[in-house]
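User: Please take a close look at the salt bridges in this model. I should like a connected account of the pairing partners and their surroundings.

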Amino acid sequence: LKNAGHVVYVVLYTSIAAYSVTELTATFIQIIEPKAMQTGQVSVDANAIKTALQSEGKIALYGLYFDTGKAIIKPESKAQLDEMAKLMQTQTQQKYFIVGHTDNVGNFDSNMTLSLQRAQAVVEALSSAPYKIASSRLIAKGNANLAPVASNAEETGRARNRRVEMVAQ
């Protein structure tokens with residue numbers, strides 16, 4: 001159905017009850033209104049990145065977005081890239097590994113390639129305008145699903161495993 005220019009899906013299911021003695025029917029109604037998922041809520045600011053790098057030597061950045069199976073950074077990643085660059089511009093001598101990670105869905109070799117391509121895309125974004133971080137300070141690496149931070153058995157764990165990490169060299 002269309003409602004005020006938006007698509008709305010309605011499921012209506014009516015059936016006879018499984019136990020015929022009761023002579024009851026059951027009705028199920030579900031209304032689904034799709035809308036765009038909010039983004040920009042998971043970016044980490046420059047101070048948090050600095051703190052994590054000082055205490056842990058690395059930080060997982062979940063504010064970098066890619067389409068499934070692709071290595072092109074989505075525009076929603078700008079806030080995270082801004083914060084990464086802000087830190088790098090204040091610590092001009094520090095070098096970093098940018099490490100891509102995937103979940104375990106799909107072929108391992110494809111995931112290894114994809115994780116490296118995503119890390120390379122982040123390096124490319126940071127070393128070009130408007131950030132212009134020296135590419136000699138950034139090394140891209142792919143790790144596929146070799147270092148999970150959660151179980152790949154459930155989608156929530158797989159989502160945590162799909163990440164880009166920034167690691168101090």
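Analyst: In this predicted model, the side chains of K58 and E165 meet in a salt bridge, with 3.9 Å from N to O. The two partners come from distant parts of the chain: K58 belongs to strand β5 and E165 to strand β8, 107 residues apart. Their exposure can be stated for each partner. K58 is partly exposed, at a relative accessible area of 39%. E165 has a relative accessible area of 6% and is therefore buried, the cut-off for that class being under 20%.

The two strands that supply this pair also take part in the surroundings of helix α1. That helix spans residues 46–56, and its buried residues are A46, I49, A52 and L53. Viewed down the axis of α1, these buried residues fall within an arc of 130 degrees, so they line one face of the helix. The general rule behind such a pattern is that an α-helix has 3.6 residues a turn, so residues three or four places apart point the same way. The cover over the buried residues of α1 includes β5 (58–61) and β8 (163–168), together with α2 (78–90) and β6 (96–101). On the face turned away from the buried side, α1 carries the exposed residues N47, Q54 and S55. After α1 comes G57, which has a positive phi, near 85 degrees.

The K58 and E165 pair belongs to a set: the structure holds eight salt bridges. Another of them joins K74 to D67, with the closest N and O atoms 3.0 Å apart. Here K74 is partly exposed, at 27% relative accessible area, and D67 is likewise partly exposed, at 40%.

A further salt bridge joins D103 to R162, the closest N and O atoms being 2.6 Å apart. This pair also links distant parts of the chain, 59 residues apart: D103 lies in the loop between β6 and α3 (108–127), and R162 in the loop between α4 (155–161) and β8. D103 counts as buried, at 8% relative accessibility, whereas R162 counts as partly exposed, at 32%. The pair is part of a wider arrangement, since salt bridges that share partners join D103, E155, R158 and R162 into one network.

In summary, the K58 and E165 bridge links strand β5 with strand β8, and the D103 and R162 bridge links two loops.

Terms used
Residues numbered from 1 in each chain as written. Predicted model: local features only at pLDDT ≥ 70, side-chain atom pairs only at ≥ 80, totals over all residues. Heavy atoms only, no water. Buried < 20%, exposed > 50% of the residue type's maximum accessible area, 1.4 Å probe, protein only. Helix = DSSP H or I, 4+ residues; strand = E, 2+ residues; numbered from the N terminus. Arc of directions from axis to C-beta. Contact = heavy atoms within 4.5 Å. Salt bridge = Lys/Arg side-chain N within 4 Å of Asp/Glu carboxyl O.
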